[in-house]
Amino acid sequence: MPALHPTETFAYHVQVLLPLAIAKPYTYGVPESLADAIGVGMRVEVEFGKKRRYAALVVETGVAPPKDQPIKPVLSAIDETPIALPVQLKFWHWLAAYYACTLGEVMTAALPAHYKLVSETAITLGPHFEEDMAGLDDKEYLILEALTIQHELTLSQVQDILQQRTVYPIIRRMLDKKLLFLKEDLKEKYQPKRIACIRLKEPYVSQPDKLQEAFERLSRAGRQMEALLAVIQLSRQLPFLRKEDIYKAASVDHAVIQGLIKKEILEVYDREVSRLSSLEEQAASIDDFSPQQRQAYEDIRHAFSEKDVVLLHGVTGSGKTRLYMEFIREAILRNEQVLYLLPEIALTTQIIERLRRVFGNQVAVYHSRLNNNERVELWQETLKGKPLVLGARSALFLPYQRLKWIIVDEEHDSSFKQQDPNPRYQGRDAAIYLAKLYGAKVLLGTATPSLESYFNAKQGKYGLAEMHERFGGVQMPELRLVPMKAGQSQHFSPELLEALNETLDRGEQAILFQNRRGYAPAYRCPTCNWHAECIHCDVSMTYHKQSHALKCHYCNYQTKVPTACPACGNQQLVLQGFGTEKVEDELAIYFPERKIARMDYDTVRSKNAHTQIIQDFEEGRIHILVGTQMVTKGLDFERVGLVGVLSADQLLQFPDFRAAERAFQLMTQVSGRAGRKHRRGLVLIQALNPSHPVLGEVLNHDFSTFYQRELQERQRFEYPPFFRLIRITLKHVKPERVNLAAEAMAKLLAPQFGHRIKGPAVPPVGRIRGLYLIDFLLKMERTHSRIAQAKTAILEAASQIAQMEGLSGIRVQIDVDPA
């Protein structure tokens, strides 16, 4: 259709956002027929480019049309009510400005896929179409009939079938009725949750008289007899028994239950339960405060009378979650909404279940593994005022009506920083700005604060409350340093093996931490020094034993393992280093009778795998858990007696100014998994360089000394929290092109920033996914106006480079506050 002149037939003009990486909103004309159907925050169907249709979001109405430019019409109104609130649009504008990206990129990150329809969007049949066939109108019937034949249609094909241009309102209606699914919704199927339960084994169920024989067999096993009595009594009261029910009722441990299973008196079976705990059990009561918690609660309340952000610094196991729950309870009673942010929702199963037990169906969980239908439903629930939303950083984009509290748990965690694609926002920092828009309070919680947050608290910008003791008087774990020798082929020191034996013999469990997945990180030839390297990235390939393949952990390329060196023909190739897969493999040699499991990216890829591993470990079916940093996050196990850090040096030697901070945080967090309930735990840290100051600070639980020393180094070398950083990365498939672009960028930026701009420099990994990289690092004083000017200058330089001959294909990536 030809574009219309702005003065001809439009009632008014609107500005709309398109889900594309374009710099600004576009203006469209609203025909008289749609004049009363369109408002801010509603989606409209528009044409953009060469006859491509998009669902665009109206951000402003009644705007003046641009002069001397043809204006296209809005084709249809998709929504009857707004799906986005004005406060959300303000938040999007801030994200785009602060993180130097486009509004379209923010919109793409914020909205569920159902709200971002384009011509190529594919639809399939939904689960309810058959039962609803009688209530369909003619157009819905035609679409469903076509889908029964073709199974999949694009929206462009739907236009052809209906012989009309405006199909988005019809598709939206059918998606709402679940007559249709977007194609990607079918990728993950629902799997029921299963838990391990305990019951009497036959013949004791069908022939209860034989229980007397069982008691006679247990005459010398008093604790097993108590456990059996508890099973019999609880079986009369509860529909099914979890292991935890027996542990609490009889005050026994895993070893006692295992003894009864070996004697074939009890048996374990899996039971399917609802994923919504509120449907399974009554809302649990909240435990009373300990004196320390009471004091921290009062400190937080007092701090909030003066500050909008408060940092809660409490050691692992001090009971921070209990404080969060109290503030949540109070907010819900005031009819307010609470956002509870977690670094990675899949890694915090225990916290989710705990909150659901207390707050029941008032809790909603939002994360990346929800399918699109679930995301839209949760979006609508939030818009209607869902009291408590748990989520990873993406939950910041939901449409809150009465948001008054944001809790950022594990605020130090680097997972709060979005890496790719734009917007590359820091979830914690964005949460603080979002709270400002809503007039809400922010509670940051962690056992190992980020230097920036603790600095802000010490400077008086944030309030501060601290808890230095574990809940219930449980001692902090005993930490020991185990010196290792360079070239030592053994991954387990004699001290660690002895401690593992003692721990397992007591019926306790162990966690071993190695922050590298795979079997071995290098595969090389000792004769000519050839090593297996990715064809797309400048990194070594990691050997994975389970698949007997070499894999790149940057681009996921994989290849077969060569039997001989491709350079010299030597057939005696060797593996170097070790990852979690090798640790798991070798532990099985030392402990053949024990159940050993691994938790890393390779083992938790499916939707429910992580939950199953955590559940098995909780219920004692796993004796030793080996893992990457996943095992450091949000886990609380009663029977973990030992934690082993296998290679502390690997954490400390990373080429990054935050390496010492992250190493301190990871080792402290994983140490906190030991001895959280009944007895003091033991932590063994293996290191080649035991004199490193960070190791001494971890051993002494000395955050204060670590903070002061690290702060001095940051100030000396001009790093946060004293300076702000912006990293600029240039990318291209040809190294000569990226070099030319780097020279041009340096000429454009150096006169403006002088010594503040560092680079150009090739990063530690100079090629990723076939693209060659060159970095610049800008260090700026903490002045808002200067930082804003810097972003503008960088964006202008990027625009100029894109227009230079031969450099139009250069990608310029801007990362504000890089992690």
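**Exercise 1.** Where does Glu-718 lie? Give its backbone phi and its exposure class as well.

*Solution.* The model is predicted.
- Step 1: Glu-718 is placed in the loop between H23 and strand S30 (723-732).
- Step 2: Phi of Glu-718 is near 60 degrees, which is a positive value in a residue other than glycine.
- Step 3: The relative accessibility of Glu-718 is 25%, so Glu-718 counts as partly exposed. The class rests on its limits, because buried means under 20% and exposed means over 50%.

**Exercise 2.** Treat His-701 in the same manner: locate the residue, then give its phi and its exposure class.

*Solution.*
- Step 1: His-701 sits in the loop between helix H22 (693-699) and helix H23 (703-716).
- Step 2: Phi of His-701 is near 50 degrees, a positive value, and the residue is not glycine.
- Step 3: With a relative accessible area of 39%, His-701 is partly exposed.

**Exercise 3.** Classify the arrangement of helices H7 and H9, and break down their contact by residue class.

*Solution.*
- Step 1: Two packed helices are described by the angle between their axes and the distance between the axes.
- Step 2: For helix H7 (residues 222-235) and helix H9 (residues 254-262), the axes come within 9 Å and cross at roughly 80 degrees.
- Step 3: H7 and H9 are therefore roughly perpendicular to each other, because angles of 65 to 115 degrees count as such.
- Step 4: H7 contributes Arg-223, Gln-224, Ala-227 and Leu-228 to the contact, and H9 contributes Val-256, Ile-257, Gly-259 and Leu-260.
- Step 5: Sorted by class, the contact of H7 with H9 has five nonpolar, two polar and one charged residues.
- Step 6: The buried residues of H9 are His-254, Val-256, Ile-257, Gly-259 and Leu-260. After H9 comes Glu-264, with a positive phi near 60 degrees.

**Exercise 4.** Which strands pair with S17, and in which sense, parallel or antiparallel?

*Solution.*
- Step 1: Strand S17 (residues 441-446) is mostly covered, with five of its six residues buried.
- Step 2: Strand S12 (residues 309-314) pairs with S17 in the parallel sense over five bridges. Here Leu-311 stands opposite Leu-444.
- Step 3: Strand S16 (residues 403-409) also runs parallel to S17, and five bridges join them. Leu-444 is the bridge partner of Val-408.
- Step 4: S16, helix H15 (residues 427-438) and S17 make a right-handed β-α-β unit.
- Step 5: The loop between S16 and H15 holds Pro-421. Asp-420 and Pro-421 are joined by a cis peptide bond, with omega about -10 degrees.

**Exercise 5.** Work out the surroundings of S20: its burial, its partner strands and the contacts of Arg-639.

*Solution.*
- Step 1: In strand S20 (residues 509-513), five of its five residues are buried.
- Step 2: In a regular strand the side chains alternate between the two faces of the sheet. In S20 one side has Gln-509, Ile-511 and Phe-513, and the other has Ala-510 and Leu-512.
- Step 3: S20 runs parallel to strand S28 (residues 640-645) and is joined to S28 by five bridges; Phe-513 has Val-645 as its bridge partner.
- Step 4: S20 also pairs in the parallel sense with strand S27 (residues 624-627), over four bridges, and Ile-511 stands opposite Leu-625.
- Step 5: Arg-639 is in the loop between S27 and S28. Its relative accessibility is 10%, so Arg-639 counts as buried.
- Step 6: Leaving aside neighbours within four places in sequence, the contacts of Arg-639 include Gln-509 of S20 and His-254 of H9.
- Step 7: The C-alpha atoms of Arg-639 and Gly-675 are separated by 7.1 Å, although the residues are 36 residues apart along the chain.

**Exercise 6.** What are the strand orders of the open sheets that contain S4 and S23, and which strands form their edges?

*Solution.*
- Step 1: The sheet with S4 has five strands in the order S2-S1-S4-S3-S5, with antiparallel pairing. Its edge strands are S2 (26-31) and S5 (76-77).
- Step 2: Within this sheet, six bridges join S3 (residues 43-48) to S4 (residues 52-61), and Arg-43 has Leu-57 as its bridge partner.
- Step 3: The sheet with S23 has three strands in the order S22-S23-S24, also with antiparallel pairing. S22 (542-544) and S24 (558-560) each have a single partner strand, so one side of each is left without a neighbour in the sheet.
- Step 4: Neighbouring strands of this three-stranded sheet are turned by 35 degrees against each other on average, direction ignored.

How values were computed: Residues numbered from 1 in each chain as written. Predicted model: local features only at pLDDT ≥ 70, side-chain atom pairs only at ≥ 80, totals over all residues. Heavy atoms only, no water. Pairing = 2+ DSSP bridges. Helix = DSSP H or I, 4+ residues; strand = E, 2+ residues; numbered from the N terminus. Axes fitted to C-alpha atoms, helices over the stretch in contact; angles between N-to-C directions. Parallel < 35°, antiparallel > 145°, perpendicular 65-115°, else oblique. Contact = heavy atoms within 4.5 Å. Nonpolar A, V, L, I, M, F, W, Y, C, P; charged D, E, K, R; others polar. Buried < 20%, exposed > 50% of the residue type's maximum accessible area, 1.4 Å probe, protein only. Right-handed = clockwise from strand over helix to strand, strands pointing away.
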